[in-house]
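Student: Please take one part of this structure and look at it closely, beginning with a single position in the backbone. I should then like to see how it compares with other places in the model.

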There are 2 protein chains.
Amino acid sequence: MSGHLTIALDAMGGDLGPEAVIPGAALALQKNKNLRFMIFGDSKRIEPLMAAHPKLTKVSTIHHTDHAVSAHEKPGIALRTGRHSSMRLAINAVAEKQAHCVVSGGNTGALMAMAKMVLKCLPGIERPAIASLLPTVDKEIVMLDLGANLECNAEMLVQFAILGSVYARVVRGHDQPTVGLLNIGSEDAKGHEEIREAAAVLQQVKFPGRYVGFVEGNDIPMGTVDVVVTDGFTGNVALKTAEGVSKLISTLLKKHLKASPLGMFGAMLASGALKKLKNQMDPRLYNGGMFLGLDGVCVKSHGGMDSLGFSNAVLHAAEIADKNFNVRVASEIAEVMAQEQQIKPALEAGILPSELQELVS
Amino acid sequence: MSGHLTIALDAMGGDLGPEAVIPGAALALQKNKNLRFMIFGDSKRIEPLMAAHPKLTKVSTIHHTDHAVSAHEKPGIALRTGRHSSMRLAINAVAEKQAHCVVSGGNTGALMAMAKMVLKCLPGIERPAIASLLPTVDKEIVMLDLGANLECNAEMLVQFAILGSVYARVVRGHDQPTVGLLNIGSEDAKGHEEIREAAAVLQQVKFPGRYVGFVEGNDIPMGTVDVVVTDGFTGNVALKTAEGVSKLISTLLKKHLKASPLGMFGAMLASGALKKLKNQMDPRLYNGGMFLGLDGVCVKSHGGMDSLGFSNAVLHAAEIADKNFNVRVASEIAEVMAQEQQIKPALEAGILPSELQELVS
């Protein structure tokens, strides 16, 4: 493929469907000329939109299907009845090595179920997780799981720590990313048993990140660590709470500024600064939930995204595929698992971390 | 006590101890002349501070003790060794009907453990929850549990919905507050089993709120419902994430405004609007975690609060005590429990909500 990266697109996913996907792909192509596209969906809706983007048309193939997975379909039903859906065909393209990665703005549960069945998990991974980049004061951090697994045992949390660390290395170039387990207090005795067990393992194993301990909700936006690890329920609630607070503050700020002529004039003068803030917090810049742990690159774009948001999901997917993320993850996982086989029985037998250190080294 | 409300204060709790508690009590007294205080702690630190507040001195008694519960002491140890601590003596004052309520900025786990042991739970309540008011676009909402119970079964979530509804009625004057269960999607099939079971019960029982369904993280700051119900782990993470994002945005806004003379000048002109925003989001205004479900009023002030924050916790506690919150809760709980005794066995037998409706009515 001579340096090209082929992206399989589910054109029917998301609230806007092709109206966000096609101009989004065109925008991504402007920023990365190496992209090529396989576009799956209703050609009657796709082709008229392509007309406005001759450069995109030149590097894309359109694969018509009448079927699409609806936004609220249950994953099990989507699996059984969605064999010819745009989502499924786009995932198949990755499994058949016709595309390097797939991007969809469709139903998250269905996308995860299909991607797991078709692409399979990497060796040693129990369950994939959804990861995303998030803005903080001075850098972007990685957080996972953002909603794939409602309940997570210690083993899964440890795997997420590894997946997230490799992701932070590949995407953000952190050499030794710091990793924290999300908890409700920083003391060792706090939190669920699974979290405390995961902490005990992460204190012992060598992995591509550096485990620094428990972190709390406020540590996420403060950027205290490079990688925040949590279960999918807590992660999803925290992410959506953060989005909501950001929206609340921007709503209130606008309201108060508009309430007086002086406020409006001041806002006009400070518009450069206000715009910088808005851009920095723009969720479209951080769009693209990576399904980490699959044997293939699958990225979920937020369902409500416009073309700018979708283009960023495409660019993220391309970056991950280009940097051989999965090959790197697979080898790191195998290495940590070998250590864990020594550590887990010891933990269960009640051996203290300090004694464990000697056992492992 | 002729209209007076007596507040027992743990003067040694919180990062600042008496330095926040004493001026905080003086501030609360300015706003509510009916307050009287019993102040527990190290009189060598308390008395010099009282000298600056003659009005407070007139309505307060100081009860010296050398003992204080430290911030990171485990609750079990605090229970055993803290019998003479300022925290314990302040709680005792409520149990002995010398005070109407207790306020402490100390160790949350220890305060909850002591309050539960000394004050006991209201009849029918399994576990108390921590509730707080939170700012949203156009009103304040109630959220619970914010950290008392890491894991919650359906029964507990149902009780929290009742506790939160009565709290919203008493404090915010909502006649029929809307109640949502925090989840990661609004569809019925989503989320943990406990949440879905609690939803099934709340759809059936008559209680002092109106159950409207599942809500997501972004619904908290958007104020979609008057009462958000969740387990203590998720609630604590969501609350701290919200605080962190609020701090992040204010940090970034200041940074960008200061980066250019135009931005600084604009900010000066718009300072009224910026100040309004800051005041509206000020966590000190919402300080005071209510321990709901106890047979006595106990309020936790955030450990990091200054005197203004502490004064609001005192005023909240006084309001709750004054409005006979616990008497109202006890009768509501008894009523719902009678209905639940019909509903729970039916749910377990697999009867559908529609059939249940007939059973109950």
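**A loop position and its wider setting**

Tutor: Lys97(B) is found in the loop of chain B that joins helix 5 (86-95) to strand 4 (101-104). The model is a predicted one. Although Lys97(B) is not a glycine, its phi is positive, at about 60°. The relative accessibility of Lys97(B) is 67%, and because exposed means over 50%, this residue counts as exposed.

Asn324(B) provides a second case in chain B. Its phi is also positive, about 55°, and Asn324(B) is not a glycine either. Asn324(B) belongs to the loop between helix 13 and helix 14 (325-348) of chain B. With a relative accessible area of 48%, Asn324(B) is partly exposed.

Another backbone feature concerns the peptide bonds. In chain B, the bond from Leu144(B) to Asp145(B) is cis, with omega near 0°. Asp145(B) sits in the loop between strand 6 (140-144) and helix 7 (154-172) of chain B. In chain A, the bond from Leu144(A) to Asp145(A) is cis, with omega near -5°, and Asp145(A) is placed in the loop between strand 6 (140-144) and helix 7 (154-172) of that chain.

A helix of chain B may be set beside these loops. Helix 1 (residues 18-31) of chain B has 14 residues; at 1.5 Å a residue it should span 20 Å, and its end C-alpha atoms are indeed 20 Å apart. Among the buried residues of this helix are Val21(B), Ile22(B), Ala25(B), Ala28(B) and Leu29(B). An α-helix has 3.6 residues a turn, so residues three or four places apart point the same way. The partners against which the buried residues of helix 1 of chain B pack include strand 1 (5-10), strand 2 (35-41) and helix 13 (307-322) of chain B.

In chain A, Arg210(A) offers a position within a strand, namely strand 8 (residues 210-215). Arg210(A) is partly exposed, its relative accessible area being 45%. Apart from neighbours within four places in sequence, Arg210(A) is in contact with Gln176(A), Pro177(A), Thr178(A) and Val179(A).

Chain A as a whole contains 15 helices and 11 strands. Its radius of gyration is 22 Å, close to the 21 Å that the globule rule gives for 361 residues, so chain A is as compact as a globular protein of that length. Buried residues account for 57% of the 361 residues in chain A. Of the contacts in chain A between residues at least 6 apart in sequence, 71% join residues at least 24 apart.

Notes:
Residues are numbered from 1 along each chain as its sequence is written. Chains are lettered from A and ligands numbered from 1 in the order in which they are written. This is a predicted model: local features need pLDDT of at least 70, side-chain atom pairs count only at pLDDT 80 or more; totals for chains, interfaces and linings use all residues. Side-chain values use heavy atoms; hydrogens and water are left out. Helices (H or I, at least four residues) and strands (E, at least two) are DSSP runs, numbered from the N terminus. The expected span of a helix is 1.5 Å times one less than its number of residues. Buried means under 20% relative accessible area, exposed over 50%, partly exposed in between (1.4 Å probe, protein chains only). Contact means heavy atoms within 4.5 Å. The radius of gyration is taken over C-alpha atoms; the globule rule is 2.2 Å times the number of residues to the power 0.38.
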